[in-house]
Amino acid sequence: MIQVTWTGAAGLRFETEKEVILIDPYYTRVDIFNTLFKRIAPDPAAIGAALPDPERVAAMVVGHTHSDHALDVPWIAARSACQVVGSRSLETLMALGGLPGRTRVCAGGETLELTDAARVTMIRSAHGRLTLGKGVPFDGEISATGTLPMKASGYRVGTVFAPKLELQGKCFLHIGSANFDEARLQGQTCDVLCLCVPGWKRREGYPRRLIEMTRPRAVVLFHYDDFSRSHTPGSKTRRMPLIDMPGIIHAIRRCAPAPEVLVPEIGAAMNF
């Protein structure tokens with residue numbers, strides 16, 4: 001059995017009896033004021049409360065390097081012997097954090113063995129677009145001349161991936177931003193499709209084409225929380241405004257009535 005827990009934003013924790021694998025772990029939840037105007041840094045208390053067992057982490061996989069996906073990664077890596085997988089920008093961030101050479105740098109298309117029971121394919125993807133205009137927020141690469149802590153604007157997106165994690169015979173596809181590269185997803189199927197919700201209406205064919213191509217048995221809707229606010233364990237997840245959760249569920253049902261649709265709360269475990 002694999003226990004999957006949504007940890008907030010695009011973060012997922014995959015746990016078996018032997019190991020823990022993290023995708024996009026982000027526990028600090030920086031508030032709006034500091035995100036816009038201040039240099040930001042990992043919050044050790046928040047990370048420690050959400051991740052009390054960093055020594056159990058076998059691997060961390062990062063889909064892109066915006067702060068809500070990558071801010072906490074160097075802090076966790078410094079306290080774990082885990083593998084770290086991501087982009088050239090992630091390697092730059094890790095080096096700025098005093099951990100050069102720890103990242104298995106991917107360009108897209110690589111399949112990497114993480115453990116005896118797990119491997120990941122780093123599928124090139126695309127980031128969702130802003131509400132106004134067509135640009136990607138904080139586009140480009142993290143600068144090697146930067147210093148930590150740095151502003152959220154310094155956490156450039158880098159290369160965007162849709163990691164496909166294969167663990168104990170089950171396949172999970174992580175779409176951490178509401179966009180995709182259809183050509184690169186051709187032939188990719190999964191058991192569980194994890195879909196970012198905010199921005200879903202701004203990408204034609206989302207989620208319909210993703211579901212048609214990947215043919216999942218279950219769809220997990222996530223990254224819908226207001227991650228600029230702290231979260232109390234066990235409490236109801238505070239949602240972002242204007243995301244239209246009923247609308248995306250209806251869109252999924254209309255094109256694929258068979259898959260189970262899951263809308264987890266932060267910290268609630270799902271068993272697969």
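The questions and answers below deal with side-chain pairs, cores and backbone features in a predicted model.

Me: Is H69 buried or exposed?
Reply: H69 has its place in helix α3, residues 67–70. Its relative accessibility is 2%, and the limit for buried is under 20%. H69 therefore counts as buried.

Me: Which residues is H69 in contact with, leaving aside its neighbours within four places in sequence?
Reply: One of the contacts of H69 is H223, a residue in the loop between β14 and α8. H223 is itself buried, with a relative accessible area of 5%. The full list for H69 is A10, D24, P25, V62, H64, G176 and H223.

Me: Which residues are linked with D53 in a network of salt bridges?
Reply: The side chain of D53 meets that of R56 in a salt bridge, at 3.8 Å from N to O. D53 counts as buried because its relative accessibility is 13%, while R56, at 27%, counts as partly exposed. The network that holds D53 also includes R13, E15 and R56.

Me: How many residues apart are R88 and E141?
Reply: R88 and E141 form a salt bridge, with the closest N and O atoms 3.7 Å apart. The pair links distant parts of the chain, since R88 is in helix α5 (residues 88–96) and E141 is in the loop between β9 (118–124) and β10 (150–151). R88 counts as exposed at 53% relative accessibility, and E141 is partly exposed at 33%. The separation along the chain is 53 residues.

Me: Where does K236 lie, the residue that pairs with E265?
Reply: The side chains of E265 and K236 meet in a salt bridge of 3.4 Å, N to O. This pair links parts of the chain 29 residues apart, with E265 in the loop between β15 (260–262) and β16 (269–271). E265 is partly exposed, with a relative accessible area of 26%, whereas K236 counts as exposed at 64%. K236 lies in the loop between β14 (218–222) and α8 (245–255).

Me: Are the rings of F172 and F272 stacked, tilted or edge-to-face?
Reply: A search of the whole structure finds 6 aromatic pairs. The ring centres of F172 and F272 are 5.6 Å apart and the planes stand at 80°. Planes over 60 degrees apart count as edge-to-face, so the pair of F172 and F272 is edge-to-face.

Me: Which residue joins F172 and F272 in a cluster of ring pairs?
Reply: F172 is in strand β12 (residues 170–175) and F272 is in the segment after β16, 100 residues apart. Both F172 and F272 are buried. Ring pairs link these two into a cluster with F14.

Me: Why is the pair of F180 and Y206 tilted?
Reply: The ring centres of F180 and Y206 are 6.4 Å apart. F180 is in the loop between β12 and α6 (182–185) and Y206 in the loop between β13 (192–196) and α7 (208–214), so the pair ties together parts 26 residues apart in sequence. F180 is buried at 3% relative accessibility, as is Y206 at 5%. The pair counts as tilted because its planes are at 35°.

Me: Which residue has its charged end over the ring of F180?
Reply: The structure has a charged end over the ring of W75, namely that of R79, 3.7 Å from the ring centre. Over the ring of F180 the distance to the centre is 3.9 Å. The residue there is R203.

Me: How many residues has the largest nonpolar core?
Reply: The residues with the most contacts inside this core are F14, L114, Y206, L221 and F272. Apart from it lies another core, of 28 residues, including M60, L71, M150 and A152. The largest nonpolar core has 58 residues.

Me: What is omega for the bond between Y206 and P207?
Reply: Most peptide bonds are trans. A cis bond joins L148 and P149, with omega about 0°, and P149 has its place in the loop between β9 and β10. P207 lies in the loop between β13 and α7. The bond between Y206 and P207 is also cis, and its omega is about 5°.

Me: What is the phi of F138?
Reply: F138 has its place in the loop between β9 and β10 and is partly exposed, with a relative accessible area of 36%. Most residues other than glycine have a negative phi. H223 has a positive phi of about 60°. F138 is not a glycine, yet its phi is positive, about 50°.

Note on methods
Residues numbered from 1 in each chain as written. Predicted model: local features only at pLDDT ≥ 70, side-chain atom pairs only at ≥ 80, totals over all residues. Heavy atoms only, no water. Helix = DSSP H or I, 4+ residues; strand = E, 2+ residues; numbered from the N terminus. Buried < 20%, exposed > 50% of the residue type's maximum accessible area, 1.4 Å probe, protein only. Contact = heavy atoms within 4.5 Å. Salt bridge = Lys/Arg side-chain N within 4 Å of Asp/Glu carboxyl O. Phe/Tyr/Trp six-rings, centres within 6.5 Å; stacked < 30°, edge-to-face > 60°. Lys NZ or Arg CZ within 6 Å of the ring centre and 35° of its normal. Core = buried A, V, L, I, M, F, W, Y, C linked by side-chain atoms within 4.5 Å.
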